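I opened this notebook to keep track of what I looked up, in the order in which I looked it up. The entries go from the parts of one chain to the meeting of two chains.

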2 protein chains.
Amino acid sequence: MTDDNQTLREVGEFAVIDRLVAGRRQPDSVLIGPGDDAAVITAPDGRVVISTDMLVQDRHFRRDWSTPHEIGRKAIAQNAADIEAMGARTTAFVVGLGAAADTPARDLQQLSDGLWDEAERAGAAGIVGGDLVSSPLWVVSVTVFGDLAGRAAVTRGGAQAGDIVAVAGHLGSSAAGFELHRAGLIDCEDLRRRHRAPEPPYGQGKAAALAGATAMTDVSDGLLADLGHIAAASGVRIEVTSAALGPDREALAGAAERLGVDPLGWVLGGGEDHALAACFPGAPPAGWRVIGTVSEPGPAGPDVLVDGRRWTGSAGWESFN
Amino acid sequence: MTDDNQTLREVGEFAVIDRLVAGRRQPDSVLIGPGDDAAVITAPDGRVVISTDMLVQDRHFRRDWSTPHEIGRKAIAQNAADIEAMGARTTAFVVGLGAAADTPARDLQQLSDGLWDEAERAGAAGIVGGDLVSSPLWVVSVTVFGDLAGRAAVTRGGAQAGDIVAVAGHLGSSAAGFELHRAGLIDCEDLRRRHRAPEPPYGQGKAAALAGATAMTDVSDGLLADLGHIAAASGVRIEVTSAALGPDREALAGAAERLGVDPLGWVLGGGEDHALAACFPGAPPAGWRVIGTVSEPGPAGPDVLVDGRRWTGSAGWESFN
């Protein structure tokens with residue numbers, strides 16, 4: 001098209017929004033979609049599950065690593081994973097976008113395509129509203145909504161001694177992909193891609209809830225850090241067996257060899273894959289793999305042990321470090 | 001306190017969040033509040049009203065003009081106004097915050113106090129979740145939720161020829177306050193304050209819905225621009241009588257004289273006061289003032305006229321200009 005190189009300033013806020021909204025098919029749960037002061041969606045059981053995550057350029061994504069489409073996918077994926085982690089089904093999103101006036105309008109179109117593609121993957125959820133503002137850095141702020149279909153939410157606080165600990169989804173892929181990108185390596189594109197656009201195990205949150213999960217979280221800060229949140233909220237000790245993580249290490253072996261590191265650090269400390277970690281009173285459902293057990297807390301209070309000891313490597317992400 | 005000057009980096013992400021959440025009383029509609037992967041709130045009539053607005057430093061607020069408390073108030077007020085504009089009651093918010101690691105933790109505490117104070121003003125709504133990330137500029141991204149109590153939402157699309165057009169809240173105050181700030185004047189602090197922290201007419205959205213409003217919007221882009229959205233969505237002409245805006249001009253007379261301008265430009269073109277504009281089949285309820293009428297569209301389609309003519313002054317806000 002002749003206007004492929006037009007900037008946001010040239011196209012204008014309202015015309016850009018019209019283009020982003022045009023032709024998108026909203027799910028039936030959207031009673032009023034984009035274009036008014038607010039959207040209205042159904043909340044079938046009289047409750048709505050809500051989470052929000054903000055991504056800032058150069059902190060949560062790099063424009064020289066990720067395509068606009070991947071940035072959109074990542075923003076949706078990490079939000080949808082929080083809904084999965086409550087045992088709910090993702091129903092809708094709203095998205096605040098900040099970008100500079102000289103941004104090509106097609107970049108936002110591609111980002112929007114990424115948002116919608118991932119929303120479809122997350123369960124045919126629609127993007128029901130948003131805000132587009134001028135910002136020197138790209139900022140993508142997503143709020144996600146979910147439906148529990150009458151079930152109780154699976155919080156972080158219900159784990160009990162005797163439970164099995166299991167995970168669904170990838171562990172350490174995003175961390176490995178990050179290190180590959182940082183080292184300027186083009187090997188292991190599958191891992192590098194998972195850093196740019198993680199792949200949460202959609203549907204496994206609901207499956208865990210139906211299987212009686214007592215506690216659940218998504219792995220956003222790092223497996224041990226996130227299990228630590230469950231341990232603290234539930235008042236328990238979580239014991240992880242590193243041998244159970246053999247397949248996870250194996251999946252990262254190529255990248256680990258290339259970079260000369262032990263992949264266990266990525267598996268235990270890497271976040272951003274948005275795997276799910278949960279505790280079950282018995283065997284976990286299909287798609288989950290057992291990695292440990294829940295026991296009574298030690299004398300120093302709730303904690304997480306790996307092979308009976310505290311892990312001394314990198315434990316997870318902290319926003320201001 | 002001895003740690004009053006500690007930065008976000010020194011306090012740490014999780015400890016900062018703990019401080020921001022500590023001691024806040026959530027309304028009864030909050031089933032699960034901050035601290036888990038997601039929040040859960042009630043949606044009593046099986047629907048939820050949703051809107052989102054993002055504020056970026058130096059674009060939507062200036063840290064040398066506004067206190068952190070005022071920035072928090074503004075972020076909540078402009079979101080809550082969108083819920084009012086649907087005829088709904090504000091029930092909850094989530095807030096994404098971006099700030100640099102060297103930001104004093106007390107600045108975020110004050111911003112949080114502003115968020116909560118305005119949420120209280122907006123109808124005792126709680127802040128049920130959020131995200132705190134590192135960003136070189138302050139970014140405040142709010143998503144707001146509302147309840148229609150079984151009523152139909154008041155969209156922009158229902159105005160009909162013969163309706164009365166009325167407004168509730170201030171017009172032009174924020175624009176006048178902005179110009180006073182920009183000129184470095186300390187006069188008219190009430191107007192300057194309304195620029196830094198607007199005062200939407202909370203409760204009047206629901207009152208308008210109960211009075212049978214056919215269309216409604218909040219005045220965020222400028223009165224004529226926002227009435228233009230109603231005209232376009234409803235397929236009507238809106239005729240504004242400038243004489244009816246005499247009290248609005250009068251309220252800005254001091255600032256207008258000081259700056260040597262006609263205040264009508266602020267009244268018609270200034271946004272950000274988050275007044276409400278609505279169309280009624282008869283007389284509006286208490287708290288609303290009539291400013292015009294709705295008629296059949298002209299030959300060129302839906303439009304807005306002032307005293308029978310197209311307004312040629314500044315018509316409103318555009319994000320990328």
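How many residue pairs are in polar contact between domain 1 of chain A and domain 2 of chain A? I found 6 such pairs, counting those with both residues at pLDDT 80 or more, and I note at the outset that this is a predicted model.

**Entry: the two domains of chain A**

I looked up the domain assignment of chain A, which gives domain 1 as 8-147 and domain 2 as 164-306. Taken over C-alpha atoms, the centres of domain 1 of chain A and domain 2 of chain A are separated by 26 Å. For the contact itself I read 17 residues on the part of domain 1 of chain A and 23 residues on the part of domain 2 of chain A. The area buried between domain 1 of chain A and domain 2 of chain A is about 1700 Å², and carbon and sulfur atoms give 59% of that area. I then asked which three residues supply more than any others of the area that domain 1 of chain A buries against domain 2 of chain A. They are Trp65(A), Lys74(A) and Glu84(A), which supply 39% of it.

**Entry: charges and elements between the domains**

I counted 2 salt bridges between domain 1 of chain A and domain 2 of chain A. In one salt bridge that I looked up, the side chains of Lys74(A) and Glu272(A) meet at 3.0 Å, N to O. On the side of domain 1 of chain A that touches domain 2 of chain A, the elements giving two or more residues are α3 (68-84) and α4 (105-121) of chain A. The most comes from α3(A), with 9 residues. Sorted by class, that side of domain 1 of chain A holds 7 nonpolar, 3 polar and 7 charged residues.

**Entry: an aromatic pair**

Over all chains I found 5 aromatic pairs. I wrote down Trp65(A) with Phe178(A), which form an edge-to-face pair at 5.7 Å centre to centre, with 65 degrees between the planes. Why does this pair tie together parts that are 113 residues apart in sequence? Trp65(A) lies in the loop between β3 (47-56) and α3 of chain A, whereas Phe178(A) lies in helix α5 (residues 173-182) of chain A, so the pair links these parts.

**Entry: where chain B meets chain A**

I turned next to the contact of the two chains, which takes 67 residues from chain B and 67 residues from chain A. The area buried between chain B and chain A is about 5000 Å², of which 63% comes from carbon and sulfur atoms. Between chain B and chain A I counted 22 residue pairs in polar contact, both residues being at pLDDT 80 or more. Strand β3 (residues 47-56) of chain B gives the most to the side of chain B that touches chain A, with 9 residues. By class, that side of chain B has 35 nonpolar, 19 polar and 13 charged residues.

**Entry: salt bridges across the chains**

The whole structure has 40 salt bridges over all chains, and 4 salt bridges are found across the interface of chain B and chain A. I looked up Arg156(B) and Asp36(A), whose side chains meet in a salt bridge at 3.7 Å, N to O. Asp36(B) forms a salt bridge with Arg156(A), and their closest N and O atoms are 3.7 Å apart. Asp36(B) lies in the loop between β1 (30-32) and β2 (39-42) of chain B and Arg156(A) in the loop between β6 (139-147) and β7 (164-168) of chain A, so this pair joins two chains.

Conventions:
Residues numbered from 1 in each chain as written. Chains lettered and ligands numbered in written order. Predicted model: local features only at pLDDT ≥ 70, side-chain atom pairs only at ≥ 80, totals over all residues. Heavy atoms only, no water. Domains from an automatic or database assignment. Contact = heavy atoms within 4.5 Å. Buried area = accessible area lost by both parts, 1.4 Å probe. Polar contact = N/O pair within 3.5 Å; in protein donor to acceptor, adjacent residues only side chain to side chain. Helix = DSSP H or I, 4+ residues; strand = E, 2+ residues; numbered from the N terminus. Nonpolar A, V, L, I, M, F, W, Y, C, P; charged D, E, K, R; others polar. Phe/Tyr/Trp six-rings, centres within 6.5 Å; stacked < 30°, edge-to-face > 60°.
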